[in-house]
Amino acid sequence: MNDRAGRRRARRLAIGTAVVLALAGMNGPWLYRFGTAKYHQYQINKPEYKAENGKWEIVDFPEKYRQNTIHAALLRTGKVLLVAGSGNNQDNFDAKKFDTRIWDPVKGTIKKVPTPKDLFCTGHTQLANGNLLIAGGTKRYEKLKGDVTKAGGLMIVHNENPDQPITLPAGTKFTGKENGRTFVSRDPVVVERATKVFDKQTGKFLRNDPGLGRIYVEAQKSGAKYETGTQDNYRIQGLTGTDARNTYGIAQKLALDKKDFQGIRDAFEFDPVAEKYIKVDPMKEARWYPTLTTLSDGKILSVSGLDDIGQLVPGKNEVFDPKTKKWTYLPKVRQFPTYPALFLMQNGKVFYSGSNAGYGPDNVGRVPGIWDVDTNKFTKIPGLSDANEMETSGTVLLPPAQDEKYMVIGGGGVGESALSSNRTRIVDMKADSPKFVDGPTLEKGTRYPQASILPDDSVLVSGGSEDYRGRGDSNILQARLYHPDTNTFESVADPLVGRNYHSGSLLLPDGRVMFFGSDSLYGDKANTKPGVFEQRIEIYTPPYLYRDSRPSLSGGPQTIARGASGTFTSPQASVIKKVRLIRPSASTHVTDVDQRSIELKFTVSGDKVKMTVPENKNLVQSGWYMVFVDDDQGTPSKAQWVRVP
């Protein structure tokens with residue numbers, strides 16, 4: 001335990017002891033009537049307690065504005081975008097009831113925003129122009145095995161014609177050559193033309209490699225008798241001549257098994273000033289549970305997800321060009337589980353921590369490493385503890401970002417496993433041979449931990465559950481501040497609301513942290529009652545906001561280029577000890593690859609603070625940032641918004 005944490009813990013104990021002794025001196029019946037709950041409220045609301053531990057409060061939204069928030073992003077206006085889509089509610093999906101809210105945490109106002117598609121389980125990231133790029137979402141909800149009435153699955157369509165692609169409309173019928181069963185496609189599919197392959201030395205033609213298309217098909221009628229058990233070739237009804245000879249389907253087992261969620265290709269920019277969605281070019285691949293990450297050239301990488309037939313996208317990653325608003329495939333494939341934690345490094349490569357949020361084989365794409373997107377080379381990083389429990393773990397780039405140290409927090413086994421990890425693991429990417437080492441442990445194995453960087457360089461780690469989606473009433477009502485300088489955790493006030501699956505957190509411009517969502521599978525310890533989505537928003541006010549005063553910051557430029565400086569005014573300039581440039585969060589499914597806190601060099605003259613933005617474009621990506629200054633007590637100012645072009 002570091003000295004700071006030890007002193008605070010001793011003071012907390014002293015405060016609690018004094019309260020107990022004072023109450024004990026009163027008559028017994030009064031103490032009994034006061035009760036444990038009231039005593040707890042009395043204790044946590046004492047100024048001394050809040051100054052040591054902070055305070056949690058629930059935001060009281062009118063019922064008509066509540067929703068099942070799945071995604072949240074801080075906009076450059078200081079408002080928060082809250083996206084539910086259908087909110088993991090099949091009835092909402094069937095009724096095309098898709099929700100978005102904008103909440104102003106300063107004014108307390110909230111309003112509904114028209115939502116063009118089901119953006120449930122979409123991907124998102126901050127763009128250089130201050131808009132939020134949002135891509136993917138839900139085409140169809142999953143069907144559990146007992147709910148599937150028609151046998152179906154994946155059909156791979158082959159086109160051996162090297163001269164032209166072929167388009168098959170929705171409703172195309174495929175009949176097995178061996179099993180004789182007929183299956184019908186749900187959507188249209190374009191199958192690219194075959195590729196001619198020649199001998200590299202002689203130039204002699206060798207073969208045609210067929211173009212491939214993937215499509216979901218299902219039996220014409222309900223019942224187990226229409227299932228297939230083995231691979232078969234399928235004739236496509238309605239094709240004649242060369243098309244009939246060149247085009248055919250191949251499918252493995254087509255059965256009544258569970259059918260996973262299906263994704264969409266749609267993509268949008270959300271304009272925080274106009275407060276509306278703007279449609280852009282759709283992705284090449286449909287994606288449900290994708291990660292979006294900004295690359296060195298400013299383009300946006302879109303990775304993983306379930307496609308429009310409910311299959312994991314087979315490593316076909318793509319990039320969005322904010323200038324042309326178009327998507328293009330990367331030339332080579334690389335497969336990851338869904339919602340992989342991918343961070344742009346200072347050398348322009350991408351760090352994959354191993355954290356992810358679910359779908360995908362347990363032996364493909366789960367090893368952490370450094371990915372050179374240009375060459376597709378992947379260098380593994382050793383030393384990860386509880387390596388088989390990385391699903392639903394959280395990853396954060398520790399402050400300041402220049403140190404390039406990442407922490408991986410908690411996690412659980414693949415799928416609905418009951419395994420959970422109490423480990424934290426830290427990797428120094430500036431080391432000659434980076435490897436993970438264990439950091440301080442959590443008190444309990446923790447899935448779905450939330451981690452938000454604070455302007456004083458601490459990291460708030462809170463929430464999660466010990467079991468999958470909070471099974472067995474296993475939500476963890478604990479919060480910790482992690483201090484990178486001492487590599488220690490410090491206990492702070494406990495949250496009021498449990499948070500597990502479909503929850504998240506983000507730093508607000510006033511230095512507080514908001515928490516949203518939680519989607520427990522069950523609502524009781526015995527796992528007999530269905531869970532209810534947690535619609536309450538909770539705010540944590542850190543201890544640093546209960547000090548006597550805080551520095552102020554004003555009067556600076558709205559734009560500062562990389563390598564350039566900007567001068568702000570602060571009456572407390574003489575006691576400023578840190579300046580931080582913090583990128584706003586876009587959080588969902590324990591994944592927030594946007595947030596980072598960058599140290600700014602600064603000088604002070606009178607009441608002026610001159611700060612300089614680093615030159616590295618990979619460290620400081622183009623976009624809008626919050627600027628905070630911290631005084632000699634570690635108390636931050638409110639943020640000023642600055643754009644880095």
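Where does Thr588 lie? Select Thr588 and you will land in the loop between β43 (586-587) and β44 (596-599). Helices (H or I, at least four residues) and strands (E, at least two) are DSSP runs, numbered from the N terminus.

**Before you go further**

This is a predicted model, in which local features need pLDDT of at least 70 and side-chain atom pairs count only at pLDDT 80 or more, while totals for chains, interfaces and linings use all residues. Residues are numbered from 1 along each chain as its sequence is written, and side-chain values use heavy atoms, with hydrogens and water left out.

Try colouring by pLDDT, the predictor's confidence in each residue, from 0 to 100. The protein has a mean pLDDT of 94, with 95% of its residues at 70 or more. Now select residues 9-27, where pLDDT stays under 50. The model has 19 contacts beyond four places in sequence for residues 9-27; a contact means heavy atoms within 4.5 Å. Where pLDDT is low, the predicted coordinates should not be read in detail.

**Stop 1: around Thr588**

Go back to Thr588. Is Thr588 buried or exposed? Thr588 counts as buried because its relative accessibility is 2%. Buried means under 20% relative accessible area, exposed over 50%, and partly exposed in between (1.4 Å probe, protein chains only).

Show the side chains of His71 and His589 next. The Thr588 side chain makes a polar contact with the side chain of His71 at 3.1 Å, and another with the side chain of His589 at 2.7 Å. A polar contact is a pair of N or O atoms within 3.5 Å; within protein, one must be able to donate a hydrogen and the other to accept it, and residues adjacent in sequence count only if both atoms are side-chain atoms.

Leaving aside residues up to four places away in sequence, Thr588 touches Ile70, His71, His124 and Tyr339. Click on Tyr339, in the loop between β25 (326-329) and β26 (342-344). Tyr339 has a phi near 45 degrees, a positive value in a residue other than glycine. Tyr339 is buried too, because its relative accessible area is 2%.

**Stop 2: β30, β31 and the loop between them**

Select β30 (residues 394-397). Gly394 and Val396 point one way from this strand, Thr395 and Leu397 the other way, and all are buried. Add β31 (residues 405-409), which pairs with β30 in the antiparallel sense over 4 bridges. Two strands pair if DSSP finds at least two bridges between them. To line the strands up by eye, look for Gly394 opposite Ile409.

Which residues are joined by a cis peptide bond? They are Pro399 and Pro400, with omega about -10 degrees. Pro400 sits in the loop between β30 and β31, and Glu404 is found in that loop as well. Glu404 is not a glycine, yet has a positive phi of about 50 degrees. With 7% relative accessibility, Glu404 counts as buried.

**Stop 3: the nonpolar cores**

Select Phe351 and Leu581, the residues with the most contacts inside the largest nonpolar core, which has 35 residues. A nonpolar core is a set of buried Ala, Val, Leu, Ile, Met, Phe, Trp, Tyr and Cys residues joined through side-chain atoms within 4.5 Å. The elements giving two or more residues to this core are β31, β42 (578-583), β46 (608-612), β47 (623-630) and β48 (640-644). Its largest share, 3 residues, comes from β47. Apart from this core lies another, of 33 residues, among them Phe61, Leu82, Tyr540 and Met626.

Around Phe351, not counting residues up to four places away in sequence, the residues touched include Phe343, Met345, Tyr406 and Phe436.

**Stop 4: two open sheets**

Here are two sheets to trace. One is an open sheet of 4 strands in the order β1-β40-β39-β38, with antiparallel pairing. Its edge strands, each pairing on one side only, are β1 (55-59) and β38 (503-507). Inside it, 3 bridges join β39 (residues 513-517) to β40 (residues 537-541), and Phe515 has Glu538 as its bridge partner.

The other open sheet has 4 strands in the order β34-β35-β36-β37, again antiparallel. β34 (450-453) and β37 (488-491) are its edge strands. The twist in this sheet averages 25 degrees from one strand to the next; axes are lines fitted to C-alpha atoms, for helices over the stretch in contact, and angles run from 0 to 180 degrees between N-to-C directions. Finish at Ser462, which stands opposite Ala479 in β36.
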